[in-house]
Amino acid sequence: MICPHCSRTIETGATQSCGIIRWIWDAVIASVLAVAVGIGFFLGRGGQPAIAEAKYPDMPARPIEDDFFDPETGEWDGGAFDRLYGSWWEAQQVRWVDRPENYGEGLENFFVAGMRQFLGDAEGENRVFSPVNLCMALSMLVELTDGESRQQILDLLGQDSLQALRTQAAAMWRANYCDDGATTSILANSLWLNWDVSFIPETLETLAREYYVSSYRGDMGGEEFNQALRDWLNRQTGGLLEEQSAGLSLDRDTVLALASAVYFRAKWRDEFQVSETAPQAFHSPEGDVVCDFMRQSYDGAYFWGDRFSAICRSLENYGGEMCLLLPDEGVTPEALLEDPQVMEFLLTKGKWENWTQNKYLIIHQAVPKFDVSSDLDLDAGLRALGVTDVFDPAVSNFSPMTKEVEGVYLSQAKHAARVAIDEEGVTAAAYTVLPAPGATMPPEEEVDFVLDRPFLFVISGEDGLPLFAGVVNRPV
């Protein structure tokens with residue numbers, strides 16, 4: 001797959017969404033330097049701003065040791081490697097310190113409520129959801145609304161003011177951006193505006209400055225504008241969700257569409273050996289299916305709770321981790337989602353130090369390769385979570401975006417997500433459209449961890465926030 005920014009061939013992941021019709025698109029975290037945003041307005045029809053371009057930070061590439069060996073002599077140019085590695089490491093230090101401490105505080109209730117709401121009714125199907133994706137989409141939606149419409153979203157996200165949310169969202173963006181050639185997590189946001197509606201420039205500037213939003217203006221509902229939106233999404237996500245975006249179109253009465261995207265790829269810190277992969281039965285709710293299981297034995301942390309056991313596999317280059325939770329016999333993944341202990345485990349940072357029910361063992365793991373996806377309607381779920389006014393044209397308040405049109409409202413909320421794992425690593429993508437007591441102590445020395453029945457997973461970034469969560473009822 002080709003990276004839309006640098007033309008490298010990489011594995012990817014993405015998230016996108018749309019509000020009023022709006023899009024959001026997120027995936028996994030990474031890094032960022034001090035970010036510069038350029039707001040360059042180009043005049044379009046009627047002298048209105050047509051484009052506000054957000055500028056992404058430059059990031060030094062992480063050097064690869066093998067590239068510094070002379071193929072003829074076998075000598076290694078350590079000096080050149082050290083110089084480039086020093087530049088890369090310095091950039092990493094900047095991104096780690098240039099963010100508020102504990103900026104994710106307040107989001108715990110949202111993440112728990114979101115995972116339960118949107119994963120809890122899988123009913124034997126695969127289900128994938130991006131909590132960070134929806135969080136970023138809702139954060140931008142706050143900028144477009146006011147009054148009770150805004151307050152309901154702030155309450156859901158656990159923030160007491162717009163400025164506090166901006167600070168948090170900016171920190172989340174910086175923590176989830178990386179493009180250093182080793183880990184790829186590229187975030188992109190865009191706003192698609194109706195030619196025939198006047199918008200408030202200050203709001204466009206805020207979106208560009210705080211959320212790196214690029215704004216485009218055109219003939220809303222026209223096929224050319226619809227195709228431009230689809231093309232943008234496919235570029236930003238490496239085509240990973242091309243099938244989902246193919247059916248996307250904006251109606252002529254749409255006032256605007258806000259899209260946010262993340263393009264994600266990360267390798268395992270310890271890759272699986274392809275030679276060890278072999279078929280095995282997976283006990284799905286519909287009966288046994290045979291799929292390829294990746295196998296590996298290693299010394300590591302084994303976690304457990306009253307009704308589950310778990311391992312967490314690290315991703316390379318500070319790319320976060322993927323936690324795999326196996327319910328005890330007779331317990332479903334959906335039941336785990338309702339278990340407060342499970343939610344506490346998933347949101348615990350530094351699990352080895354902070355989760356007491358763990359043991360360092362030889363773990364013999366067997367993990368099925370999978371590529372799972374789902375499409376969700378978020379309307380009813382968001383209403384159930386307390387966000388109601390934005391869906392009602394009689395009470396919705398979008399005055400920060402435009403004073404010209406009355407009755408602007410959110411007409412729908414769609415979310416599509418996809419996660420795949422293989423011997424090399426993880427690929428994940430998601431998109432959201434928002435138009436106008438069973439466990440016992442483990443053995444003393446080693447344990448088998450075999451994911452051969454429905455399980456739960458969560459992919460977290462380096463900052464510990466849940467980028468993707470899912471229920472796998474059938475790997476193939």
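The term pLDDT denotes the predictor's confidence in each residue, on a scale from 0 to 100. The present structure is a predicted model, and the tour therefore opens with this score.

**Confidence along the chain**

Colour the protein by pLDDT. The average is 81, and 85% of the residues score at least 70. Select residues 1–50 next: pLDDT stays under 50 over this stretch. The model nevertheless has 297 contacts beyond four places in sequence for these residues. Where pLDDT is low, the predicted coordinates should not be read in detail. Strand 2 (residues 23–24) has the lowest confidence, with a mean of 26. For the opposite end of the scale, select helix 4 (residues 147–157), where confidence is highest, at 97.

**The largest pocket**

Now select C312, R313, S314, G320 and E321. Of the 30 residues that line the largest pocket, these are the closest to its centre. The volume of this pocket is about 770 Å³.

Display the following elements, which give two or more residues to the lining: strand 11 (287–304), strand 12 (308–314), helix 11 (351–354) and strand 14 (358–368). Strand 11 gives the most, with 6 residues. In character, the lining divides into 9 nonpolar, 11 polar and 10 charged residues.

**N358, in strand 14**

Remain with strand 14 and select N358, which is found in this strand. N358 is buried, because its relative accessible area is 17%, and buried means under 20%. A polar atom of the N358 side chain lies 2.3 Å from the backbone oxygen of W355. Show also Y302, F303, W304, K351 and W352, with which N358 is in contact when neighbours within four places in sequence are left aside. For a distance check, pick the C-alpha atoms of N358 and S309: they are separated by 9.6 Å, while the two residues are 49 apart along the chain.

**Helix 6 and Y212**

Move to helix 6 (residues 201–211). Its buried residues are T203, L204, T206, L207, A208, E210 and Y211. Just after this helix comes Y212, in the loop between helix 6 and strand 8 (213–218). Phi of Y212 is near 55°, a positive value in a residue other than glycine. Y212 counts as buried because its relative accessibility is 5%.

**E123**

Next, select E123, in the loop between helix 2 (108–119) and strand 5 (127–129). E123 is not a glycine, yet has a positive phi of about 50°. Is E123 buried or exposed? E123 counts as exposed because its relative accessibility is 70%, and exposed means over 50%.

**T402**

The last stop is T402, in the loop between helix 12 (379–384) and strand 16 (414–421). T402 counts as buried because its relative accessibility is 4%. Which backbone oxygen does the side chain of T402 reach? The side chain of T402 reaches the backbone oxygen of S198, at 2.8 Å. Display the surroundings as well: not counting residues up to four places away in sequence, T402 touches V197, S198, F199, I200 and V408.

Notes:
Residues numbered from 1 in each chain as written. Predicted model: local features only at pLDDT ≥ 70, side-chain atom pairs only at ≥ 80, totals over all residues. Heavy atoms only, no water. Helix = DSSP H or I, 4+ residues; strand = E, 2+ residues; numbered from the N terminus. Contact = heavy atoms within 4.5 Å. 1 Å grid on protein atoms, 1.4 Å probe; cavity = no way out; pocket = protein on both sides within 12 Å on 5 of 7 lines; lining within 4 Å. Points joined across faces, edges and corners; volume = space filled by probe spheres on them. Nonpolar A, V, L, I, M, F, W, Y, C, P; charged D, E, K, R; others polar. Buried < 20%, exposed > 50% of the residue type's maximum accessible area, 1.4 Å probe, protein only. Polar contact = N/O pair within 3.5 Å; in protein donor to acceptor, adjacent residues only side chain to side chain.
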